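Colleague: Please choose one part of this chain and take me through it closely, together with whatever surrounds it. I would like the cut-offs behind each term as well.

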Amino acid sequence: MTVVQTNMATKVGLLISYYLTLSFWSAQTLALSMISRNIAGQTKKATVVACNFIAWSVGNAIGPQVFLKWDEPRYFIAFATHIGCYTLLMFVIAFLRWWLLRENKKKDQMAAAGIREAADDNMTHAFDDLTDRENPNFRYIY
């Protein structure tokens with residue numbers, strides 16, 4: 001550990017920090033599920049999931065490189081970089097939610113305007129291999 005445990009407050013602080021670190025995994029899982037649930041079309045979905053996996057792999061390969069020998073034992077640069085990445089992830093999730101809400105509202109407005117394809121209660125194109133942008137009935141999940 002990089003923090004000396006001198007009293008109970010330090011131990012409690014370390015426990016709270018540990019719990020915060022675990023919460024970042026939920027943000028990553030949420031981001032992954034939002035990607036897989038909000039892409040339609042088999043080719044597009046396979047491409048997006050593969051690109052996401054490649055980006056994840058590259059990030060995991062580069063991530064340990066920020067733990068520099070001259071910055072030990074506390075590794076301020078490494079931890080700041082990781083916290084920056086986690087913060088960016090939360091902003092991306094918030095932006096993605098805002099954008100998906102906006103896209104759903106556009107499609108709902110099309111349906112309210114009487115465009116038949118956007119207001120298809122029979123889900124005629126449900127099993128067609130259309131992307132989320134091609135299918136006016138597709139609604140994003142947030």
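Modeller: The protein has three helices and zero strands, where helices (H or I, at least four residues) and strands (E, at least two) are DSSP runs numbered from the N terminus. In order from the N terminus, the elements run α-α-α. This is a predicted model, in which local features need pLDDT of at least 70 and side-chain atom pairs count only at pLDDT 80 or more, while totals for chains, interfaces and linings use all residues. Residues are numbered from 1 along each chain as its sequence is written, and side-chain values use heavy atoms, with hydrogens and water left out.

The part I chose is helix H3, residues 76-112. H3 has 37 residues and reaches 54 Å from its first C-alpha to its last, close to the expected 54 Å; the expected span is 1.5 Å times one less than the number of residues. Helix H1 also comes close to expectation: its 30 residues reach 44 Å, against 44 Å expected.

Of the 142 residues in the protein, 20% are buried. Buried means under 20% relative accessible area, exposed means over 50%, and partly exposed lies in between, using a 1.4 Å probe and protein chains only. In H3 the buried residues are Ala78, Ile93, Leu100, Glu103, Asn104 and Lys107. Their cover includes H1, residues 8-37, where contact means heavy atoms within 4.5 Å. From the other side, the buried residues of H1 are Thr10, Leu14, Phe24, Ala27, Ala31 and Met34, and they pack against H3. An α-helix has 3.6 residues a turn, so residues three or four places apart point the same way.

Now the approach to H3. The loop between H2 (42-62) and H3 holds proline 64, which counts as partly exposed because its relative accessibility is 47%. Proline 64 and alanine 78 are 14 residues apart along the chain, and their C-alpha atoms are separated by 8.3 Å. Proline 73 is also in the loop between H2 and H3, and the peptide bond leading to it from glutamate 72 is cis, with omega near 5°. Tyrosine 75 lies in that loop too; its phi is positive, near 55°, in a residue other than glycine. For background, most residues other than glycine have a negative phi, and most peptide bonds are trans.

Isoleucine 77 is within H3 and counts as partly exposed because its relative accessibility is 37%. Leaving out residues up to four places away in sequence, isoleucine 77 touches Trp70 and Asp71. Its C-alpha is 7.5 Å from that of phenylalanine 67, with the two positions 10 residues apart in sequence numbering.

Further along H3 is asparagine 104, which counts as buried because its relative accessibility is 5%. Beyond its neighbours within four places in sequence, asparagine 104 is in contact with Arg139, Tyr140 and Tyr142. Tyr140 also meets aspartate 132, their side chains making a polar contact of 2.7 Å. A polar contact is a pair of N or O atoms within 3.5 Å; within protein, one must be able to donate a hydrogen and the other to accept it, and residues adjacent in sequence count only if both atoms are side-chain atoms. Aspartate 132 is in the segment after H3 and is buried because its relative accessible area is 3%. Outside four places in sequence, aspartate 132 touches residues including Lys107, Phe138 and Asn38. At the end of H3, the helix is followed by glycine 114, with a positive phi near 95°.

Last, the open space. The largest pocket has a volume of about 900 Å³. Its lining has 24 residues, of which Trp56, Gly59, Asn60, Cys85 and Tyr86 lie nearest its centre. H1, H2 and H3 are the elements that give two or more residues to this lining, and H3 gives the most, with nine. By type, the lining divides into 17 nonpolar, seven polar and no charged residues; Ala, Val, Leu, Ile, Met, Phe, Trp, Tyr, Cys and Pro count as nonpolar, Asp, Glu, Lys and Arg as charged, and the others, Gly among them, as polar. On a 1 Å grid over the protein atoms alone, a pocket is an open set of points where a 1.4 Å probe fits, with protein on both sides within 12 Å along at least five of seven lines, and lining residues have an atom within 4 Å of a point. Grid points are joined across faces, edges and corners, and the volume is the space filled by probe spheres set on them.
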